[in-house]
Amino acid sequence: MALRDSPFNEMRLPLLLSAAVALIIALVVGVTMLFSDRRETIQTQAYGVTRTMGDHVVAPVSSWITAPSRWVQNGVNAVQQYFFAVSENRRLRAELTVARTWRTTAIALQDTNERYRALLGLKVNPPIPMVSGLAVADSRGPFANSRLVNVGSEKKVEVGNPVLNENGLVGRVVGVAEGVSRVLLLTDVTSRTPVLLDRTDSRAILAGDGGPNPRLDYMRGPDPVKENDLVLTSGDGGVLPRGIPVGHAVKGLDGRWRVVLSADDGAIDYVRILLFKDFRQLANTPRLSELPAPPPTAPAPSSVTSAPVARPVASPEAQSPLSPTLAKPVERAVQQAKPSATASVTKPPPLKPSAPKPTLARPVAVSKPAAVPQAAPPSDAGDIPH
Amino acid sequence: MTLAQPLTPVRWILIPALQVIVATWLFTMPYRVFGLQPPEPVFAMVTAFAWAVIRPSVLAPFCLLLMGIGMDLIWGSPLGLWAVSLLVSYGAVLLVRNILIGQQLPILWLAFGVACALAELLGVLITQLVSHTTPRALGVVSQWGVTLAVYPWSHRLIERFDDADVRFR
């Protein structure tokens, strides 16, 4: 049967009505997508298949589109370097003179630092590996500030990794696919970064609002910040390492403290991604979760059924390899506490069979491994990627 | 000889949509001019406004939906933000279409500005709803301003096609 002979041929919907229906359907689809999107979470799974596929397509095309601009920029740079070589040479010489004095100071400070570390037996952050990437797309609107970088899961980039340029922090990775990562900039409206003010060591949260200068929120104390104070990452929360330069504090026109980002002075195209994992991620979790081996069982009276569990509390040195510097004050404190305890308790409490002890035993078993990484044997270093 | 051209979907929907996508993509290039970041206009508002003024269509809303999703994927904004903003603006212009037809350039430009403001306002509201934070007003206003500057492109599209379908004059 031909189409014109069909009974449906007579049923003609007005175009205006069908356009309105199409608009409503499209709106419903859009709203559904909006409320099913979970952009701000840090879990890799939350990034979504749509975004991963989108980034897969966007990155190579953007790289191809931006190639001519990169060539032009390289050409302009080459010409500038040729014509401004003398002034550049003068500037570099002046910088070198300053840097030499700083080098002497740095060597002295490094030496002092190493001695203090050795004295304290301090375990410092391991060296963090990094990969370099080229930004192929850059969005800078009021609702999203992000960049696409042409390195991804093949270089072991993970969600949460901090991204820097030569001057300071740029943002963090929020989505990873093969060959591409999306970097959420510090200026993005959803970006929240724990920072500290170098002068006062006071903490704040750097909150992006879509503008070039994110604001400092949740500051405590009467005068925690002054003009031009250096702002660094605080490392709180463990997503970013401590001490990465972020920028300088300035008073905004709205009367709020804001940060002029150090990264803005640097190149916009090349970035470095720190493959940083905090210590909780680096630790050998299965090993830390292992319960301590029970001591050899000796013939004991039946009333001491839970003694093997309670023993680690009574003699911490026997189970946890605390360093002597840490163990001795603990021992001293225990000795000081003993007489007062015995003086106040005239009659020792009767041993109860088993009711409270299982409740005690579990926290002991869980909190015990927390001391392990402090004096961890060198084999633990194998867990840290270098 | 007449200049009237048939209103085929390829001519008035597909080609402008592709042009908008290319323009949006070009403006995501990571470069600076004299240390300043280039603006980021919402090119898709050109088609959202022009398509609503030219004539009602079944294809246009779905095309706007796809363009909005594409913009969200390119810019990294919440998926659906620009799709919803564009569609609501398109619907609003469609409602007042009878008033806008045949108006002079300044009036249409003003209407385009109102439509862009509506889209930006929706963007702010959606961001507040999804991210529990308010974008900087200056950023929103500056994006609205640069989008307003691309209206001549939309006007050219309207002038080219508004007489093509006599049923909707």
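Start by selecting helix α3 of chain B, residues 59-75. Of its 17 residues, 13 are buried, so the rest of the structure largely encloses this helix. Keep in mind that you're looking at a predicted model. Try a quick ruler check: at 1.5 Å a residue, α3(B) should span 24 Å, and its end C-alpha atoms do sit 24 Å apart, so the two agree. Now step just past the end of α3(B) to B:Gly76, which takes a positive phi of about 80°.

Stay here and pick B:Trp75 together with B:Trp82. Their ring centres are 5.9 Å apart and the planes meet at 80°, so call this pair edge-to-face. Are these two tryptophans buried or exposed? Both B:Trp75 and B:Trp82 are buried.

**Across to chain A**

From B:Trp75, follow its backbone oxygen: the side chain of A:Ser146 reaches it at 3.1 Å. A:Ser146 belongs to strand β2 of chain A, residues 145-149. With a relative accessibility of 2%, A:Ser146 counts as buried. Show its side chain and that of A:Arg182, and you'll find a polar contact of 2.8 Å between them. Further residues touching A:Ser146 include A:Ala137, A:Asp138, A:Val183 and, from the other chain, B:Gly76.

Zoom out to see the whole contact between the chains. Chain B puts in 53 residues and chain A 51. About 4400 Å² is buried between them, with carbon and sulfur atoms giving 70% of that. Which residues of chain B lose the most area to chain A? Select B:Trp25, B:Pro30 and B:Leu79: together they make up 16% of what that side buries.

**A stop in the loop**

Next, go to B:Pro39, in the loop between α1 (9-26) and α2 of chain B. B:Pro39 is partly exposed, at 39% relative accessible area. Leaving out neighbours within four places in sequence, B:Pro39 is in contact with A:Arg140, B:Phe27 and B:Val146. Now draw a distance from B:Pro39 to B:Trp51: they're 12 residues apart along the chain, and their C-alpha atoms are separated by 24 Å.

**Aromatic rings**

Time to colour the rings. Over all chains there are nine aromatic pairs. One of them is B:Phe49 with B:Tyr151, edge-to-face, at 5.9 Å centre to centre with 75° between the planes. B:Phe49 is in helix α2 (residues 44-54) and B:Tyr151 in helix α8 (residues 151-161), both of chain B, so this pair ties together parts 102 residues apart in sequence. Check their surfaces and you'll find B:Phe49 buried at 1% relative accessible area, and B:Tyr151 buried at 0%. Add B:Trp109 and B:Phe112 to the selection, and you have one aromatic cluster with B:Phe49 and B:Tyr151.

**The cores**

B:Phe49 also takes you into the largest nonpolar core, which has 69 residues. Where are the most contacts inside this core? Look at B:Met45, B:Phe49, B:Trp51, B:Trp82 and B:Tyr90. Click on B:Met45 to see what surrounds that residue: among the residues it touches are B:Leu86, B:Phe112, B:Ala115, B:Cys116 and B:Thr147. For the last stop, find another core of 19 residues that lies apart from the 69-residue one, with A:Leu169, A:Leu216, A:Val231 and A:Ile244 among its members.

Conventions. Residues are numbered from 1 along each chain as its sequence is written. Chains are lettered from A and ligands numbered from 1 in the order in which they are written. Side-chain values use heavy atoms; hydrogens and water are left out. Helices (H or I, at least four residues) and strands (E, at least two) are DSSP runs, numbered from the N terminus. The expected span of a helix is 1.5 Å times one less than its number of residues. Buried means under 20% relative accessible area, exposed over 50%, partly exposed in between (1.4 Å probe, protein chains only). A polar contact is a pair of N or O atoms within 3.5 Å; within protein, one must be able to donate a hydrogen and the other to accept it, and residues adjacent in sequence count only if both atoms are side-chain atoms. Contact means heavy atoms within 4.5 Å. Rings of Phe, Tyr and Trp (its six-membered ring) pair if their centres lie within 6.5 Å; planes under 30 degrees apart count as stacked, over 60 as edge-to-face and the rest as tilted. A nonpolar core is a set of buried Ala, Val, Leu, Ile, Met, Phe, Trp, Tyr and Cys residues joined through side-chain atoms within 4.5 Å. Buried area is the accessible area (1.4 Å probe) that two parts lose on being put together, summed over both.
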